[in-house]
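Open the structure in your viewer and keep the selection box handy. We will go from stop to stop, and at each one you will hear what to select and what to look for.

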Amino acid sequence: MNYKTYKISELIDEIAMGPFGSNIKVESFVDDGVPVLNGSNLEGFQLGEKSFRYVTEEKASSLGRANAHRGDIIITHRGTLGQIVYIPQTSKYDRYIISQSQFRIKCNEKVLPEYLVYYFHTPIGQHKLLSNASQVGVPALARPSSTFQKIEVEIPDLDIQRRVVNIINSLQNKITLNNKINENLEQQAQALFQNLFIDNARPEWKQGTVCDLGSVIGGSTPSKLKPEYYTGSGIAWITPKDLSVNKSKFIYHGENDITELGLKNSSASVMPKGTVLFSSRAPIGYMAIAAGEVTTNQGFKSIVPKSEIGTAFVYYFLKYNLPVIEGMASGSTFKEVSGATMKKVLAFIPDTETLNKFQRFCEPLFAQQKVLEIQNESLAELRDSLLPKLMAGEIDAWNH
């Protein structure tokens with residue numbers, strides 16, 4: 001296959017850093033306007049359209065080269081390194097403002113922006129991107145605009161690039177569609193929770209605490225000095241980091257499992273399927289539902305729902321009351337919700353008929369969400385295994 005080696009400088013028409021210093025002050029933000037990018041917008045391959053802050057058109061114009069447009073590539077050069085996305089032609093806005101932790105590039109006619117982004121998501125691409133990163137203090141790329149342009153990449157002709165992009169896009173589009181379906185299902189469940197339990201709450205419902213909804217269970221970490229306490233396939237053991245990486249609603253396993261010996265020699269508890277996991281520190285409020293039996297580290301205050309209450313009600317109750325729970329946290333180094341505090345969170349206990357109605361509505365919805373999450377995991381594994389092979393020419397793109 002015909003590949004040529006180029007320096008990045010030969011593949012781009014423009015490169016620009018984000019605005020430095022205090023060019024975007026808090027008082028510059030408005031309710032609507034030109035969106036300012038943050039780290040959460042740069043997860044994955046293409047720009048995410050959630051959790052924006054905005055500046056006025058006038059402010060955006062004054063920032064000049066910090067304006068990014070459809071077709072541009074955005075890269076983080078400090079903080080969370082290695083994030084690289086392209087702005088699709090179908091993006092919601094015609095321009096965005098990059099932050100001071102980002103830079104942008106505009107490709108020339110030799111390379112498709114999607115192809116270049118996919119290249120830098122392969123292991124070899126990530127290595128090249130991060131090879132000059134400094135780990136002292138906040139992780140950062142040294143002289144990002146100049147060092148990035150010196151990176152050498154192997155690029156095939158445009159026809160092959162288009163074939164590769166189409167193959168990966170077909171998988172990525174299915175993942176995106178599944179996510180949209182699940183988001184819609186989530187909105188339906190939240191809307192019904194709001195309608196049944198908030199907007200039409202009944203005065204006769206008993207007032208109590210979280211303890212009336214289920215058992216509050218903490219977690220534990222078996223000694224890291226004992227390798228025999230950990231295994232690749234054993235008892236599921238979840239940490240807040242696992243929930244930061246895995247954005248799924250249902251969780252089966254984390255990065256590491258623990259052994260029976262590890263469980264025995266720690267104060268971790270095995271919790272049943274349907275337990276609502278709630279991270280209680282660093283940060284507070286990551287949530288997931290146990291898809292099978294799980295244990296957690298001490299960064300959780302999980303709730304095993306009472307059978308008459310149900311997983312669905314506990315899950316959405318905690319989501320709704322997250323600001324209240326965060327406000328009850330204490331600690332000087334970092335905020336934490338203790339077990340005693342979690343047990344004091346005020347709760348209302350609806351009547352059985354209304355609870356059952358909500359649970360019956362959520363059960364098929366949860367089942368569909370779980371199926372789509374499993375499907376997305378398989379699609380992502382296929383995408384990630386194909387990507388480096390397609391990029392290296394080990395798989396003939398013309399036969400797919």
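Start by selecting strands 2, 10, 7 and 8, which make an open sheet in the order 2-10-7-8 with antiparallel pairing. Helices (H or I, at least four residues) and strands (E, at least two) are DSSP runs, numbered from the N terminus, and two strands pair if DSSP finds at least two bridges between them. This is a predicted model, in which local features need pLDDT of at least 70 and side-chain atom pairs count only at pLDDT 80 or more, while totals for chains, interfaces and linings use all residues. Residues are numbered from 1 along each chain as its sequence is written, and side-chain values use heavy atoms, with hydrogens and water left out.

Which strands stand at the edges of this sheet? They are strand 2 and strand 8; each has a single partner strand, so one side of each is left without a neighbour in the sheet. From one strand to the next, the twist averages 20° (axes are lines fitted to C-alpha atoms, for helices over the stretch in contact, and angles run from 0 to 180 degrees between N-to-C directions). Now zoom in on strand 7 and strand 10, which run antiparallel and are joined by four bridges. Pick Ile75 and you will find its bridge partner, Phe103, in strand 10.

**Next stop: another sheet**

Select strands 16, 19, 17 and 22, an open sheet in the order 16-19-17-22 with mixed pairing. Strand 16 (230-231) and strand 22 (295-296) are at the edges here, each with a single partner strand, so one side of each lacks a neighbour in the sheet. Strand 17 (residues 235-238) and strand 22 run parallel, with two bridges between them. Click on Ile238 to see it opposite Thr296 in strand 22.

**Next stop: the nonpolar cores**

In soluble globular proteins, nonpolar side chains tend to be buried together. A nonpolar core here is a set of buried Ala, Val, Leu, Ile, Met, Phe, Trp, Tyr and Cys residues joined through side-chain atoms within 4.5 Å. Buried means under 20% relative accessible area, exposed over 50%, and partly exposed in between (1.4 Å probe, protein chains only).

Select Ile8, Ile73, Leu116, Phe120 and Phe148: these have the most contacts inside the largest nonpolar core, which has 40 residues. Several elements each supply at least two residues of this core, including strand 2 (12-17), strand 7 (73-76), helix 2 (113-119) and helix 11. Which helix gives the most to this core? Helix 5 does, with seven residues.

Stay with Phe120 and show its contacts (heavy atoms within 4.5 Å). Leaving out residues up to four places away in sequence, Phe120 touches Ile8, Ile84, Gly125, Gln126, Leu129, Phe148, Ile151 and Val153. A second, separate core of 39 residues includes Leu185, Phe313, Met342 and Phe348.

**Next stop: the aromatic rings**

Rings of Phe, Tyr and Trp (its six-membered ring) pair if their centres lie within 6.5 Å; planes under 30 degrees apart count as stacked, over 60 as edge-to-face and the rest as tilted. By this rule the count is 26 aromatic pairs. Select Phe52 and Tyr93: their ring centres are 6.0 Å apart and their planes at 85°, so the pair is edge-to-face. Phe52 sits in the loop between strand 4 (34-36) and strand 5 (53-55), and Tyr93 in the loop between strand 8 (84-86) and strand 9 (95-97), 41 residues apart. Both Phe52 and Tyr93 are buried.

Now try Phe317 and Phe348, whose ring centres are 6.0 Å apart with planes at 70°, so this pair is edge-to-face. Phe317 lies in helix 8 (residues 311-320) and Phe348 in strand 24 (residues 346-349), 31 residues apart. Phe317 counts as buried at 1% relative accessibility, and Phe348 counts as buried at 14%. Both belong to one aromatic cluster, which also has Trp205, Phe250 and Phe366 among its members.

**Last stop: charges and a strand residue**

Arg53 lies over the face of Phe29, 3.9 Å from the ring centre (a charge sits over a ring if NZ of Lys or CZ of Arg is within 6 Å of the ring centre and within 35 degrees of the ring normal). Lys370 lies over the face of Phe250, at 5.1 Å from the ring centre.

Finish at Glu152 in strand 13, partly exposed at 42% relative accessibility. Glu152 touches Thr5, Tyr6, Lys7, Tyr119 and Lys128, not counting residues up to four places away in sequence.
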